[in-house]
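I opened this notebook to record how selected helices pack and how two chains meet. The entries follow the order in which I looked things up.

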Amino acid sequence: MTTVVAPRRRPPIVAVVVYTLGIMLHGKRWVGLALPCATAVLFGLLARALESSPSEDFAQVASTALFGLVLPVACLVIGDSALGSEIRSGSFAFTWLSPVPAWQIALGRWLGGAIIGGGMLAVAFALSAVVAGAAESADEAAVAAAFGTMAYIAVFLAIGCLVRRAAAWSLAYVFLVERLLGAALAGIAQISPGWEARAVFVELANGPTELFRDDIPQGSAAIVRLVAITVVALGLASWRLSHLRLSGSTD
Amino acid sequence: MSSLSPTPTPAQDPAFVPDATVSITDVSVWFGQKVALSELACSFGAGVTGLLGPNGAGKTTLMRAITGLLPVNQGNVLVAGVNPRSDRSAHRRVALVPEDEAVPRGLTPRGLCRYVADLHQVADRSIIDWALHAVDLMPVADRRMDGFSKGMRQRSKVAAALVKNPLVLVLDEPLNGADPVQRLALISLFRRLGDEGRTVIVSSHVLHEVESMAERVIVIVRGRLAAAGGHHAIRDAMDTVPRHVLVRCADARRLGSSLATLEAVGGVSFEGMDLVVSTTRARELAVALPQTARDLGIRLAEVRPLDDSLESLFRELVR
């Protein structure tokens, strides 16, 4: 006798997370995620070409290239595919037109992105450390990548809810606000996932002194700061989601 | 009957129905300087209502306002007594099939239906198969929608909307891309849903299909309510607008010059060998035309109204 098992009913937030994972791991999106990870490993190889100690060389490369370039760009791809691109295409209406509260939608989308992004980038950054010959910094790189990813994705989700051209605005945020203003102004760097993720890594990995910034929190204090950025950005995204004007892809 | 008044009286005006499930009260929506809807007032009840208007008339904006996707700048939208914008529980009762061709990437029709069912905490999962069967997508239910044609995507979206078992079903150009057989099947489905007591609001550019499925029509032009009621009733009410009748006969010129002398005839013109008669008094012409032809000994091969369709109604309302 054959028993037909009806598909189980999932809680809405679980459905949103599973759905987000599905749309992000589909087709060419894989390439968009795999490319930054491969780049991270390549930067690890590049660190070998430097002439100081492997851990110092990796710290230099990681703070500049991994946390300054790979992390934000990868998170931008993930954050945009988790929400922004759906809002632009019009397919977000399937999610929005439900009784699920906006905060659950925002949290579910963020969780989906953070699971994939955090997992992949943590592994890639750790692998990069190993390839650079600084295996002792692998854990620290992974932790900093994971927390940095969480904060970045929350920020990019919020940007996706706030503006229509989310990818362009996110790029502007990374390169103009974080890199340009953040380098000069401590106030900006303190609310920047990139600078804070770098501060987590440099402190935990006991990196060279020239990489420390006195004017922003370091180590575990930076982790707390990243969590705070995540919470605030998710709150903003939730509020904005409940006030979205979804006029469709043609408008 | 038609409504051309901006402030209709609900009790008499055909823009309103008794026992309305969707009420639109003096709704205005604008995007910057562009006014998409202007003081629109109407209501929708059980059955199929066609939403008609030329491109840019405000149909999609109205549909999105009804589902709560768009906030209104002025006025009020109520679905089953609830504001769909401020009360998310309203989304249990209302479903939208958007015009956008986009479907979630990597998903199958069954996956999309399951996702919607999860979001709505639908207890009876057999409704997923029922919905897929209703739109004839069971054979491809587990294929990814990325490779689907426009028509198949539309049907997938209709299935996802049906999974919610909605009281109000809003369909924005749902027949786009569907082949003739599928069009007939979908029209039949929408009629059936309307007969079940659901409020089905459907917009389409293929107007003869709307005529065949909607017993009631709301016409929007430039964001305003232009007319409401049955399409024949609307047409009849527009008695100041000239109608055009094509007459095919052996001696069109002799018949034309004779008809031109009649009071019921506004003018005559020729399209090749055919005669086109313009009139604002169609009933009188219907009597006078065969009589005149008989008097002249001319045999009428064909007499056909040129503008008794919603396409022509659009043209006249827009003019």
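**Helix packing and chain contact**

I first asked how H1(A) and H3(A) lie relative to each other; they are oblique, because their axes cross at roughly 120°, and an angle that is neither under 35 degrees, over 145 nor within 65 to 115 degrees counts as oblique. I note that the model is predicted.

I located H1 at residues 12–24 of chain A, and its axis comes within 9 Å of that of H3(A). I recorded the crossing of this pair as right-handed. I then listed the residues that make the contact: Thr20(A), Ile23(A) and Met24(A) from H1(A), and Ile78(A), Ser81(A) and Ala82(A) from H3(A). I sorted them by class and obtained four nonpolar, two polar and no charged residues.

I next turned to H3(A), residues 54–89, against H9(A), residues 193–204. I found an angle of about 150° between them, with the axes 10 Å apart. This crossing is also right-handed. On the H3(A) side I noted Ala59(A), Ala62(A), Ser63(A), Phe67(A), Gly68(A), Leu71(A) and Pro72(A). These meet Gly194(A), Ala197(A), Arg198(A), Phe201(A) and Val202(A) of H9(A). I counted eight nonpolar, three polar and one charged residue in this contact.

Finally, I examined where chain A touches chain B, a contact of 28 residues from chain A and 31 from chain B. On the chain A side, H1 and H4 (93–96) each supply at least two residues. Which helix gives the most to this side? I found that H1(A) does, with five residues. I classed the chain A side as 14 nonpolar, 11 polar and three charged residues.

How values were computed: Residues are numbered from 1 along each chain as its sequence is written. Chains are lettered from A and ligands numbered from 1 in the order in which they are written. This is a predicted model: local features need pLDDT of at least 70, side-chain atom pairs count only at pLDDT 80 or more; totals for chains, interfaces and linings use all residues. Axes are lines fitted to C-alpha atoms, for helices over the stretch in contact, and angles run from 0 to 180 degrees between N-to-C directions. Helices (H or I, at least four residues) and strands (E, at least two) are DSSP runs, numbered from the N terminus. A crossing is left-handed if the near helix is turned anticlockwise from the far one by less than a right angle, and right-handed if clockwise. Two residues are in contact if their C-beta atoms, placed from the backbone, lie within 7 Å. Ala, Val, Leu, Ile, Met, Phe, Trp, Tyr, Cys and Pro count as nonpolar, Asp, Glu, Lys and Arg as charged, and the others, Gly among them, as polar.
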